[in-house]
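Here is a friendly walk through one protein chain, written for someone who likes to check each contact. Please keep the viewer open as you read.

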Amino acid sequence: MGVQVEVLNSEGQANDSVELPEDLFGIEVSEYALYRAVVATQANQRQGTASAKTRSEIARTSKKHHRQKGTGWARRGSLRSPLVRGGGVAFGPRPRSYSSKLPKSLKRLAFRSALTLKGTEGEVKIVTDFDFPAPSTRSFQKVIEACGLKDQKVLFITLESSPVLIKSSRNLPKVKMAHLGALSTYDLLAADVVLFTRQAFDRLVENRGQRG
């Protein structure tokens, strides 16, 4: 039998419970898949815009610095040389793409492994869907505290993007919002607690985690 999780309302009162399905929250955790997913996400966040000038790009004269013989100095043909202070850089960084793409099967395995870690450690919470007539950070904070998640890094997952809830939560440094279609393994692992809305959880189970 799977793990039972209470469904809380916005006041923190339990009014129902659901079972975490074994095929999403009870698989054998693959540390390799989790590692690959985290590395790929971090690589995709890199800008790859670092650049150093080569000797051909340095704004210096190409005139020979000193005569070839008789000075006791090393032969040096140009002030653009990488051997000279302020000269070009040899084998320096150039703009490039660090993007990485995982196979779908490995991506899905990593996603379910992350769900399993959160489920077995009691870090999955579910709250009934709620909304505010206007953005309110204080009201959103009250919901988080009512669910017993004060001072924890919370990943709040909704079915679809909600502008009002996004504006209500963006000033809370320990709360991150994500809608189900944009949920990633990295987001799950980075959070102390994953808080699903009931609709988001039901859709996740219905799709068997394929949006991960």
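The report below goes through strand pairing, salt bridges, surface charge and some backbone details of this predicted model.

## The strands and how they pair

Let's begin with strand E1, residues 4-8, and strand E2, residues 14-19: the two run antiparallel and are joined by five bridges. Together E1 and E2 make a hairpin with five residues between them, and Gly 12 in the turn shows a positive phi of about 85 degrees. If you want a residue to anchor the view, take Leu 8, whose bridge partner in E2 is Ala 14. Leu 8 also stands opposite Val 127 in E3. That second contact belongs to the pairing of E1 with strand E3 (residues 124-127), a parallel arrangement with two bridges.

From E3 you can step on to E6, since four bridges join these two strands, which run parallel. Within that pairing, Val 124 has Val 194 in E6 as its bridge partner. E6 pairs with E4 as well, again in the parallel sense and over four bridges. Here Ile 157 is the residue to look for, standing opposite Phe 196 in E6.

## A strand inside the structure

How many residues of E6 are buried? Five of the five are, so E6 is largely enclosed by the rest of the structure. In a regular strand, side chains alternate between the two faces of the sheet. For E6, both faces are covered: Val 193, Leu 195 and Thr 197 are buried on one side, and Val 194 and Phe 196 are buried on the other.

Asp 192 sits in the loop between helix H6 (185-190) and strand E6 (193-197). With a relative accessible area of 34%, Asp 192 is partly exposed, because buried would require under 20%. Asp 192 and Val 154 are 38 residues apart along the chain, yet their C-alpha atoms are separated by 6.0 Å.

## Salt bridges

The model holds six salt bridges. One of them brings together the side chains of Asp 16 and Arg 198, at 3.3 Å from N to O. This pair links distant parts of the chain, with Asp 16 in strand E2 and Arg 198 in helix H7 (residues 198-207), 182 residues apart. Both ends are partly exposed: Asp 16 has 38% relative accessibility, and Arg 198 has 24%.

Another salt bridge joins the side chains of Arg 94 and Glu 57, also listed at 3.3 Å, N to O. Arg 94 and Glu 57 both lie in the loop between H2 and H3, so the pair ties together parts that are 37 residues apart in sequence. Arg 94 is partly exposed at 38% relative accessible area, and Glu 57 is partly exposed at 36%.

Helix H7 also offers a local example. Glu 206 forms a salt bridge with Arg 203, with the closest N and O atoms 3.9 Å apart. The two residues both lie in H7, three residues apart, which is about one turn of the helix. Glu 206 counts as exposed at 58% relative accessibility, whereas Arg 203 is partly exposed at 35%. Elsewhere, salt bridges that share partners join Asp 16, Arg 198 and Asp 202 into one network.

## Positive charge on the surface

Which residues gather in a patch of positive charge on the surface? They are Lys 101, Lys 104, Lys 107 and Arg 108. Lys 101 is placed in the loop between helix H2 (31-44) and helix H3 (104-120). Its relative accessible area is 78%, so Lys 101 is exposed.

## Two backbone angles to check

If you like to inspect torsions, start with Phe 91, whose phi is near 60 degrees, a positive value in a residue other than glycine. Phe 91 lies in the loop between H2 and H3 and counts as exposed, at 84% relative accessibility.

Asp 151 is the other one to visit: its phi is positive, at about 65 degrees, although it is not a glycine. You will find Asp 151 in the loop between helix H4 (137-146) and strand E4 (154-158). Asp 151 is exposed too, with a relative accessible area of 59%.

Technical notes
Residues are numbered from 1 along each chain as its sequence is written. This is a predicted model: local features need pLDDT of at least 70, side-chain atom pairs count only at pLDDT 80 or more; totals for chains, interfaces and linings use all residues. Side-chain values use heavy atoms; hydrogens and water are left out. Patches are made of residues with over 30% relative accessible area and no salt bridge: like charges are joined within 9 Å, nonpolar side chains (Val, Leu, Ile, Met, Phe, Trp, Tyr) within 5 Å. Accessible areas come from the Shrake-Rupley method with a 1.4 Å probe; for residues, only the protein chains shown count as cover. A salt bridge is a side-chain nitrogen of Lys or Arg within 4 Å of a carboxyl oxygen of Asp or Glu. Lys and Arg count as positive and Asp and Glu as negative; His and the chain ends are not counted. The place of a charge is taken as NZ of Lys, CZ of Arg, CG of Asp or CD of Glu. Buried means under 20% relative accessible area, exposed over 50%, partly exposed in between (1.4 Å probe, protein chains only). Two strands pair if DSSP finds at least two bridges between them.
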